[in-house]
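Hi,

Here is the structure I promised to pass on. Have a look at it first, then read on for what turned up.

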Amino acid sequence: MFYANHGGLTMGLKKNFAFIATTAAIVLAGCSTNQEKPKAEAAAPATAEQPVSETATAAQTATEAAEPEGTKTIPLASGATLTWIKDNKGERLMPRDLFSDASDSLFASVNQPNGIPASVSTFLLKADSEYALFDAGLGSFGGETAMHLEQLGVPADSIKKIYITHMHVDHVAGLVTSMQDGNPQKVFKNAEIYLAKAEHDAWLNLPKNDLQKAVIELYKDKLHLFEFGETLPHNITALDAIGHTPGHTVFQIEGVLIIGDLMHGYALQKDHPEINSNYDMDKQKSAENRMKFLILAKQKGLTMAGMHLPEPAFVK
């Protein structure tokens with residue numbers, strides 16, 4: 001991962017918080033200037049339906065008990081399902097030195113001296129009799145998404161679409177076989193890839209981008225570059241969350257926000273969204289978008305599904 005450290009936030013960010021709060025709701029429509037905007041508005045859920053049932057039925061309880069370890073499935077209002085997949089092995093703790101924006105006293109206040117509980121996660125969508133993934137995980141760098149997909153009875157060749165939040169290694173390495181032999185191959189041979197154009201263009205010019213360039217080349221015939229605000233297949237809305245990377249994307253499907261890497265240390269950042277991780281390339285924009293989406297989720301009663309939220313990576 002690569003980042004540029006722009007130092008601490010200015011006081012202006014905090015003064016802008018009220019402005020962000022008043023404008024957060026309009027993010028549901030995105031900011032596209034193309035003809036897709038009406039679709040994006042239609043995709044935004046204005047209902048009060050809860051994506052996660054407050055009282056599990058007996059059937060739901062039985063289904064959860066039968067789920068493979070390292071996975072958790074929630075139902076969506078449309079009848080689709082979204083499954084958390086644990087990609088990392090063992091326990092994942094984000095260390096103190098990842099959050100250099102935080103004072104020692106602030107970090108100590110979360111009472112996690114050994115590191116903040118987190119995960120490396122991907123999410124499997126089943127909708128319209130089709131399987132899709134959000135991000136592909138660590139792959140040959142220790143990822144377990146492929147193993148869990150097999151346990152769920154979903155082989156790689158059955159994945160039809162993959163939505164990429166951004167192109168850091170722990171999100172796209174799972175798209176290809178090992179880079180070590182110099183001849184990487186597709187893992188998901190039948191998948192269409194959806195990636196923000198801003199993210200695609202930026203990684204072509206960033207350093208140490210061999211993996212990212214290999215992904216782009218291997219999937220070039222099935223690569224779809226989108227603008228923020230567009231409505232994608234499965235009625236998914238692509239929302240501007242730049243900051244962590246130049247094209248970092250939050251995806252909204254019904255009452256769920258797939259937030260990518262908006263937060264690396266949930267226990268700290270949920271109450272202090274002004275605190276960045278050192279992986280955030282543009283700290284100012286990263287903090288602004290973290291604030292914006294936390295406010296949006298609270299105002300609209302949305303569930304957040306995050307690639308580094310603590311297991312099982314759903315919060316509401």
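Before any counting, a word on terms: helices and strands here are DSSP runs, with at least four residues for a helix and at least two for a strand, and they are numbered from the N terminus. With that in hand, the chain has 11 helices and 15 strands. Keep in mind that this is a predicted model.

Some overall numbers to start with. The chain has 316 residues, and 51% of them are buried. Its accessible surface is about 13900 Å², and carbon and sulfur atoms account for 53% of that. If you take the contacts with a separation of 6 or more, 71% are between residues 24 or more positions apart.

Now for the inside. The largest nonpolar core is made of 43 residues, and L82, F123, L125, F134, F251 and L257 have the most contacts inside it. Take L125 as an example: leaving out residues up to four places away in sequence, L125 touches L76, A80, T81, L82, E130, Y131, A132, F134, H234, I236 and I253. Another core, of 25 residues, lies apart from the largest one, and its members include M167, I193, I216 and L223.

Those four names come back in the next part. How many cavities of 30 Å³ or more does the structure hold? There is 1, and the space in the largest cavity is about 40 Å³. Its lining consists of I164, M167, L175, I193, L195, V215, I216 and L223. What kinds of residues are these: nonpolar, polar or charged? The lining has 8 nonpolar residues, with no polar and no charged ones. Two elements, β8 (192-196) and α9 (210-218), each give at least two residues to this lining.

It's worth clicking on α9 in the viewer. Its buried residues are L211, Q212, A214, V215 and I216, and they pack against α7 (169-172), α8 (197-203) and β9. V215 and I216 are also on the list of cavity-lining residues.

Last stop: L223, another of the lining residues. You'll find L223 in strand β9, which covers residues 223-226. Which residues does L223 contact, leaving aside neighbours within four places in sequence? They are I193, L195, H200 and I216. Try checking one distance yourself, too: the C-alpha atoms of L223 and Y194 are 6.2 Å apart, although 29 residues separate the two along the chain.

Have fun looking around!

Definitions and conventions. Residues are numbered from 1 along each chain as its sequence is written. This is a predicted model: local features need pLDDT of at least 70, side-chain atom pairs count only at pLDDT 80 or more; totals for chains, interfaces and linings use all residues. Side-chain values use heavy atoms; hydrogens and water are left out. On a 1 Å grid over the protein atoms alone, a cavity is a set of points where a 1.4 Å probe fits but cannot get out, and a pocket is an open set with protein on both sides within 12 Å along at least five of seven lines; lining residues have an atom within 4 Å of a point. Grid points are joined across faces, edges and corners, and a volume is the space filled by probe spheres set on the points. Ala, Val, Leu, Ile, Met, Phe, Trp, Tyr, Cys and Pro count as nonpolar, Asp, Glu, Lys and Arg as charged, and the others, Gly among them, as polar. Contact means heavy atoms within 4.5 Å. Buried means under 20% relative accessible area, exposed over 50%, partly exposed in between (1.4 Å probe, protein chains only). Accessible areas come from the Shrake-Rupley method with a 1.4 Å probe; for residues, only the protein chains shown count as cover. A nonpolar core is a set of buried Ala, Val, Leu, Ile, Met, Phe, Trp, Tyr and Cys residues joined through side-chain atoms within 4.5 Å.
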